[in-house]
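Student: I have a chain here that I would like to go through strand by strand. Can we start with how the strands pair?

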Amino acid sequence: MRRALRLLAALRRTLLLLASAAWLATAATAVAQADGIAFDVEILRVDLVVNDEGETVERFEPVQEAPPGEEIEYRVTVRNDGSRIYRPGTLPIRLPIGEGVQYVEGSAGPQGGDLVVEASVDGGATFTELPVEAAEGDAPAFDPAAVDTLRWTPSVPFEPGMEFVLVYRVQVL
């Protein structure tokens with residue numbers, strides 16, 4: 001009986017990660033219908049290991065299942081394979097956090113530079129630019145655990161041949 005319960009729990013975790021990947025692919029497809037935008041998605045487990053110098057470092061391993069408490073990193077490469085130049089602010093890329101996982105605060109990137117990174121806690125109705133820094137003594141703008149959608153918007157022309165790698169982490173619940 002215990003073995004059967006463990007197998008069911010493992011199957012549930014596998015299905016959650018696969019569902020998250022499918023959800024990302026579906027969300028990406030809506031943007032991919034724009035002229036020539038392509039997506040590649042990697043799902044990686046974040047392991048802590050000790051290197052040869054005795055330092056604790058992160059190591060990334062492809063994953064299809066993860067137990068509660070594991071940290072997973074999503075890397076979504078967005079590439080302009082078309083001929084159209086997208087003006088700054090005209091190609092928002094929205095990615096869901098998914099069920100059974102929780103956004104890891106501060107993990108959405110890259111921040112600054114050529115992309116504006118934002119988070120939503122209401123299914124994408126409104127967004128707040130990241131990182132959100134509350135003034136000392138003020139309540140935070142939102143609870144990072146409540147983040148359900150992330151959005152990246154290029155702040156520079158997205159020209160043919162260009163690509164961005166969007167990264168964020170979740171913790172399996």
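Student: In which sense do E3 and E9 pair, and over how many bridges?
Tutor: Bear in mind that this is a predicted model. One bridge in this pairing sets Tyr74 against Tyr168 in E9. E3 and E9 run in the antiparallel sense, and the count of bridges is nine.

Student: What is the bridge partner of Tyr103 in E9?
Tutor: E5 also pairs with E9, in the antiparallel sense over three bridges. For Tyr103, the bridge partner in E9 is Val170.

Student: Which residue in E3 stands opposite Ala38?
Tutor: E1 and E3 run antiparallel and are joined by nine bridges. Across from Ala38, the residue in E3 is Arg79.

Student: Which residue in the hairpin of E1 and E2 takes a positive phi?
Tutor: E1 pairs with E2, residues 56–62, in the antiparallel sense over seven bridges. Val50 has Thr56 in E2 as its bridge partner. Five residues lie between the two strands of this hairpin, and the one with a positive phi, near 85 degrees, is Gly54.

Student: What is the order of the strands in the open sheet of five?
Tutor: Take the pairings one after another: E2 pairs with E1, E1 is joined to E3, E3 pairs with E9, and E9 pairs with E5. The pairing in this sheet is antiparallel, and the order is E2-E1-E3-E9-E5.

Student: Why is one side of E2 and of E5 left without a neighbour in the sheet?
Tutor: The order of the open sheet is E2-E1-E3-E9-E5. E2 and E5 each have a single partner strand, so one side of each has no neighbour in the sheet; the reason is their place at the edges.

Student: By how many degrees are neighbouring strands of this sheet turned against each other on average?
Tutor: The sheet is open and has five strands. With direction ignored, the average turn between neighbouring strands is 35 degrees.

Student: Which element gives the largest share of the largest nonpolar core?
Tutor: This core has 31 residues, and those that touch the most other members are Leu150, Trp152, Leu166 and Tyr168. Elements that give two or more residues to the core include E1 (37–50), E3 (71–80), E8 (149–154) and E9 (163–172). The largest share is five residues, and the element that gives them is E9.

Student: How many of the 10 residues of E9 are buried?
Tutor: Buried here means under 20% relative accessible area. E9 is mostly covered, and the number of its residues that count as buried is seven.

Student: Which proline is in contact with Leu166?
Tutor: Neighbours within four places in sequence are set aside here. Contacts of Leu166 then include Tyr74, Val76, Ile93, Leu115 and Trp152, along with Gly109 and the proline you ask about, Pro110.

Student: Is the peptide bond from Gly109 to Pro110 cis or trans?
Tutor: Most peptide bonds are trans. Pro110 has its place in the loop between E5 and E6. For the bond from Gly109 to Pro110, omega is near 0 degrees, and the bond is cis.

Student: Of the contacts between residues at least 6 apart in sequence, what percentage join residues at least 24 apart?
Tutor: The chain has one helix and nine strands, and the helix comes before the strands from the N terminus on. Among those contacts, the share that joins residues at least 24 apart is 76%.

Methods. Residues are numbered from 1 along each chain as its sequence is written. This is a predicted model: local features need pLDDT of at least 70, side-chain atom pairs count only at pLDDT 80 or more; totals for chains, interfaces and linings use all residues. Side-chain values use heavy atoms; hydrogens and water are left out. A nonpolar core is a set of buried Ala, Val, Leu, Ile, Met, Phe, Trp, Tyr and Cys residues joined through side-chain atoms within 4.5 Å. Buried means under 20% relative accessible area, exposed over 50%, partly exposed in between (1.4 Å probe, protein chains only). Helices (H or I, at least four residues) and strands (E, at least two) are DSSP runs, numbered from the N terminus. Contact means heavy atoms within 4.5 Å. Two strands pair if DSSP finds at least two bridges between them. Axes are lines fitted to C-alpha atoms, for helices over the stretch in contact, and angles run from 0 to 180 degrees between N-to-C directions.
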